[in-house]
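User: I am new to reading protein models. Please take a close look at one exposed spot on the chain, then walk me outward from there through the rest.

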Amino acid sequence: MKKPFVTACGTIANRNLLIIRLFADGIVGLGECSANVDPIYSPETIKGCRHIIEDFILPSLLGKKIDDIDEVAASMSHVVGNHMAKSAVELAFWDIMSRQRGVSVSSLLGGTKTRVDAGVSVGMFGTLEETLEEARVQLAKGFTRLKVKIQPGHDVQLISSLRKHLGDIQLMADANSSYSLKQAGMLQALDPYGLTQIEQPLENDDIVDHAALQKSLRTPICLDESVVHAHAARQAIDLEACRIINVKLARVSGLLEAKRIHDLCVKTDTGLWCGSMLESGVGMMYNIIYSSLPGVNQPGDIQESCHYMSDDIVEPMIDVAGDGTFAVPAEPGIGVSLNWEKIRRYLVSSEVFRPC
Ligand code: MG
């Protein structure tokens, strides 16, 4: 990382990446596992995902005839949970299907946009001045909304200061599960500042308490960690626990389940955007593709190559336009390939798996 990324969950100072290359009918599909080294955002870790993929997912897929993405999901259904491991493999299948059928991944999914709006997420800094400085640098790149990280004691002063100095920008706060329902007053104190949303204020697996909290807040709640599949999204919407959902493809096991959540959000008029997990350009392209769906109606955490990390492993590198938008790949595939010179430079280990 260029700078450590600090949230209420913990600090990410180095980013290890797990990239999947899946081979079928002479086509190579790319996927990325978005888990972290430490289980600070989700219970899954890179090491754990590698074990699940190697020992439980690949044996049920390698050498099989698979015609559609539903069959991929069905082949992995014997594995409970482990959404990030499943997502890494599932995404690579979309890449393969798109190339085999000669259409873009966005069209396969039902996407309609050719460019998508992007927002930026700023981690916690030691001082208000540092946060302000970082926010100004990012807004100058054209990003249309700013997300900052909060936690108890690092909230009202920060938000009021950003509002005062940055004016009427689209501003939101992500609490990463750091508040309890008893601290609702601290979140109500943010209501006057016109945040577009407060993301995941309460526990990472909670829906019910968020429903109680939303009743006491004017600011919309956005759920992130709690929405692990479409079923959880449906419960959250039914209980009015949130008005907005942040989908991370890895958290919900890939694009197929993410599309189900999209369809539910469209049906129920729920806000929707795509979050990121500090991925390489491989994972980021899937975030851009997902954001091309018509119901993704708010700017996502989509960043250019080398935004957080000092380098990226894809070519071409991903660029943000001056208006804060990113182009959705219109051709088959995900719009980027691996830069092998960089892969060789950064590679820690690799393994090849073949059908028995
Ligand atoms: Mg979040």
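Analyst: Gly322 is exposed, because its relative accessible area is 69% and the cut-off for exposed is over 50%. This is a predicted model, so every value here is computed from predicted atoms. Gly322 sits in the loop between E13 and strand E14 (325–327). Pick a partner further back in the chain: Asn246. Gly322 and Asn246 are 76 residues apart along the chain. Their C-alpha atoms are separated by 24 Å.

Stay in that loop for a moment. Pro316 also lies between E13 and E14. The peptide bond that joins Glu315 and Pro316 is cis. Its omega is about -10°.

Now step back to the loop between strand E12 (300–301) and strand E13 (314–315), where Tyr308 lies. Tyr308 belongs to an aromatic pair, and the structure holds one such pair. The partner is Phe5, and the two ring centres are 5.2 Å apart. The ring planes stand at 75°, so the pair is edge-to-face. The cut-off behind that label is over 60 degrees. Phe5 is in strand E1 (residues 5–7). The pair therefore links distant parts of the chain, 303 residues apart. Are these two residues buried or exposed? Phe5 is buried, with a relative accessible area of 11%. Tyr308 is buried as well, at 13%. Both values fall under the 20% cut-off.

Next comes helix H11 (residues 281–290). H11 is mostly covered, and ten of its ten residues are buried. Among them are Gly281, Val282 and Gly283 at the start of the list. Met284, Met285 and Tyr286 are buried too. So are Asn287, Ile288, Ile289 and Tyr290. One general point helps when you look at any such helix. An α-helix has 3.6 residues a turn, so residues three or four places apart point the same way.

Move on to Trp273. Arg145 lies over the face of Trp273. The distance is 4.8 Å from the ring centre.

A few places back is Asp269, in the loop between H10 and strand E11 (271–274). Asp269 has a phi near 55°, a positive value in a residue other than glycine. Asp269 counts as exposed, because its relative accessibility is 72%. Asn176 also has a positive phi, about 45°, although it is not a glycine. Asn176 lies in the loop between strand E7 (170–174) and helix H7 (184–188). Asn176 counts as buried, because its relative accessibility is 6%. Set the two side by side: Asp269 is exposed, whereas Asn176 is buried.

Helix H10 itself spans residues 255–268, and helix H9 spans residues 230–238. Their axes come within 9 Å and cross at roughly 20°. That makes H9 roughly parallel to H10, since the angle is under the 35 degrees cut-off. The crossing of H9 past H10 is right-handed.

A second helix pair makes a useful contrast. Helix H1 (residues 46–57) and helix H3 (residues 83–101) have axes that come within 9 Å. These axes cross at roughly 65°. That makes H1 roughly perpendicular to H3. H1 also passes H3 in a right-handed crossing.

Now the cysteines. How many disulfides does a search of the whole structure find? The search finds zero. A disulfide is a covalent bond between the sulfur atoms of two cysteines. The cut-off here is within 2.5 Å. The sulfur of Cys242 has its closest cysteine sulfur in Cys222, 7.2 Å away, so the gap is too far for a bond. For Cys265, the closest cysteine sulfur is in Cys242, at 7.5 Å, again too far for a bond. Cys242 is buried, with a relative accessible area of 6%. Cys265 is buried too, at 1%.

End with a residue in a strand. Val120 lies in strand E5 (residues 115–122). Val120 counts as buried, because its relative accessibility is 0%. Compare that with Gly322, where the walk began: Gly322 is exposed at 69%. Val120 and Asp155 are 35 residues apart along the chain. Their C-alpha atoms are separated by 18 Å.

Note on methods. Residues numbered from 1 in each chain as written. Predicted model: local features only at pLDDT ≥ 70, side-chain atom pairs only at ≥ 80, totals over all residues. Heavy atoms only, no water. Buried < 20%, exposed > 50% of the residue type's maximum accessible area, 1.4 Å probe, protein only. Phe/Tyr/Trp six-rings, centres within 6.5 Å; stacked < 30°, edge-to-face > 60°. Helix = DSSP H or I, 4+ residues; strand = E, 2+ residues; numbered from the N terminus. Lys NZ or Arg CZ within 6 Å of the ring centre and 35° of its normal. Axes fitted to C-alpha atoms, helices over the stretch in contact; angles between N-to-C directions. Parallel < 35°, antiparallel > 145°, perpendicular 65-115°, else oblique. Left-handed = near helix turned anticlockwise from the far one by under 90°.
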